[in-house]
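Morning, everyone. Let me put the model on the screen, and then we go through it.

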Protein chains: 2
Amino acid sequence: MEPTTATFFDLVRRQIPLVEARMRSTPDRHHPQLDLAIEHLLGSGGKRLRPTLTLLTARMLGTDEDKAIGLAAAIEMLHTATLVHDDLIDGSLMRRGLPTLNANLTPGATVLTGDYIFARAAHLAAGIGSLTLMEHFARTLMTIVNGELIQLFREQSGDDRQDYFDRIYAKTASLFELATMGAAILRQANQEIVEAMRRFGYQVGIAFQIVDDVLDFAGDEARVGKPLGSDLRHGLLTLPTLLYLEGRPDGATLAEAVLAGRLPEAELDGLVGAIRASDGIGRALAEARNAIAAGETQLEGMPDGPERAALRQLAQYVVDRSL
Amino acid sequence: MEPTTATFFDLVRRQIPLVEARMRSTPDRHHPQLDLAIEHLLGSGGKRLRPTLTLLTARMLGTDEDKAIGLAAAIEMLHTATLVHDDLIDGSLMRRGLPTLNANLTPGATVLTGDYIFARAAHLAAGIGSLTLMEHFARTLMTIVNGELIQLFREQSGDDRQDYFDRIYAKTASLFELATMGAAILRQANQEIVEAMRRFGYQVGIAFQIVDDVLDFAGDEARVGKPLGSDLRHGLLTLPTLLYLEGRPDGATLAEAVLAGRLPEAELDGLVGAIRASDGIGRALAEARNAIAAGETQLEGMPDGPERAALRQLAQYVVDRSL
């Protein structure tokens, strides 16, 4: 954990190990390779932002702790499963400075390990004891996978900006909103509170992904752990690129060339440099900050206390971590 | 449907299209490719034995029809998802005489399509409205995937026979038992009935897989749709082979050579011929018949009527379809 996250993280420091223990709990007899894989994935860190969102929301609203831990574990497990299949599909050999599963397993074993982790996530979700939550959980998995398929088929229709927001909703914000909304559902909170917490999670998720996409251009290459502009190099138009291209006479042509993977390396390097130097970065960050502001207004009617303050800090951290 | 199945199938003929409609029902906005994939998979047939087991059990016990249709759809969807990933992992290009998904899609798109179908299966299961059932559903998925991983890692320990029965439980019988037990759970039947219907489904599933493994040797090559002895050629020891090797002085050496994929084609052809001509076939079929008999005794305490008779016919069909 970086120092900036310390304050909001303090409140859940005792609970995160309980979430991890729930993720490790083994309800079935299974191949030892699966435990090794799960240990490797849990051990490779990650900021546990999704579980933290669930736990803080649950404490703020008074949700049963055991249910909240189950939800946090199910959500982080689902997130982990999607990463396993993503890394396989992208051929990524490293994540967070450690080898991915597919770096050491055959494709078949990686597919099945991901499937098993999906099954464990569904089992954790079923164990929470709420059909409403289970229904949202399955629907979120559909949303995430559908988003990945759309990205894989590289189809961008007319409105690129809409495509981008649809994509980052599916990829990131859908699970963030489940993390906060789910904690409210488990409290059997009224519909206004459930909806406000859904919107809060949604906006934090949108901001988180925009900042990730900004860091892909503006970050420290060593810390990001991959070449700058890697999305662009993979034919993906993210917000900084869309804002850079907006209003340029050659914008549409460039966008098409990127999508088709037709730009030679040298031109890609030039384009990445131009985007880094452009106001696309600052304008994208401003959109992330707007999302956070919109999210924070959703907290206004929530119970006052350290948890609400911590959720605000977490939201700010999501945009400040870059800077 | 073949004529032999007509009688037991008659009782559910009206309901199977309702199951298929439930599988096609689209609760989310998603990529059209996914509908094409689901249509292709549903259109490629299959005997719908698992839904038939659920529907007959539900009618026999008086389970709510809508819940039974939901369960039948969820189970067939889960079965479909596992086939999508299996065919990818095995590199199979045909199934039931039609191209597999991976014959036409990239590996990445096939992985994601399978994931989406898993998500739809979980969504269908959640929609039935029983947490107990949802818990069993997630656990069955864990069992199936774990069994595939064990098979992939090709580990057979000391007791080959035990390994074989563990494997066919995971691969087939676990979902058959969910099909029958689930219908009893949704009826909120007492524990004895739930357990008896679980055992009935288990035994039918075990028999079904043994017969499949027998047909791989003894079937009509054109009808099976792959070369005879294909399991053996892929380094897999199924019951006919285990029974053939039993008590032969060179049994252990041969088993090891098959597992290691060390037998040349000509020797494999010879071994397949020897197994076909041996009593391994008949003894394996006798074990399938024993399983069916054990399953049928579980029906003795069930409500008398056309559904119970149809379940008996279905069980008989499972072993008779080969002959």
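**The interface and the symmetry**

In this predicted model, 39 residues of chain A are in contact with 39 residues of chain B. Contact here means that the C-beta atoms of two residues, placed from the backbone, lie within 7 Å.

Which helices of chain A supply that side? α3 (32-43), α5 (65-90), α7 (107-127) and α8 (131-152) of chain A each give at least two residues to it. Helices are DSSP runs of H or I, at least four residues, numbered from the N terminus. By type, the chain A side has 23 nonpolar, 10 polar and six charged residues. Nonpolar is Ala, Val, Leu, Ile, Met, Phe, Trp, Tyr, Cys and Pro; charged is Asp, Glu, Lys and Arg; the others, Gly among them, are polar.

Now the symmetry. A turn of 180 degrees with a shift of 0.0 Å along the axis lays chain A on chain B, RMSD 0.0 Å. The two copies are thus related as by a two-fold rotation axis. The superposition is least squares, on C-alpha atoms of residues with pLDDT of at least 70 in both copies. The same surface serves both: 100% of the contact residues of chain A recur in chain B. Within chain A, Leu131(A) comes closest to the axis, at 3.3 Å (C-alpha).

Next, α7(B). Of its 21 residues, 19 are buried, meaning 20 or more other C-beta atoms within 10 Å of their own, all placed from the backbone. After α7(B) comes Gly129(B), with a positive phi near 90 degrees.

Housekeeping. Residues count from 1 along each chain as its sequence is written, and chains are lettered from A and ligands numbered from 1 in written order. Local features need pLDDT of at least 70, side-chain atom pairs 80 or more, while totals for chains, interfaces and linings use all residues.

Notes: A residue is buried if 20 or more other C-beta atoms lie within 10 Å of its own, exposed if 12 or fewer, and partly exposed in between; C-beta atoms are placed from the backbone.
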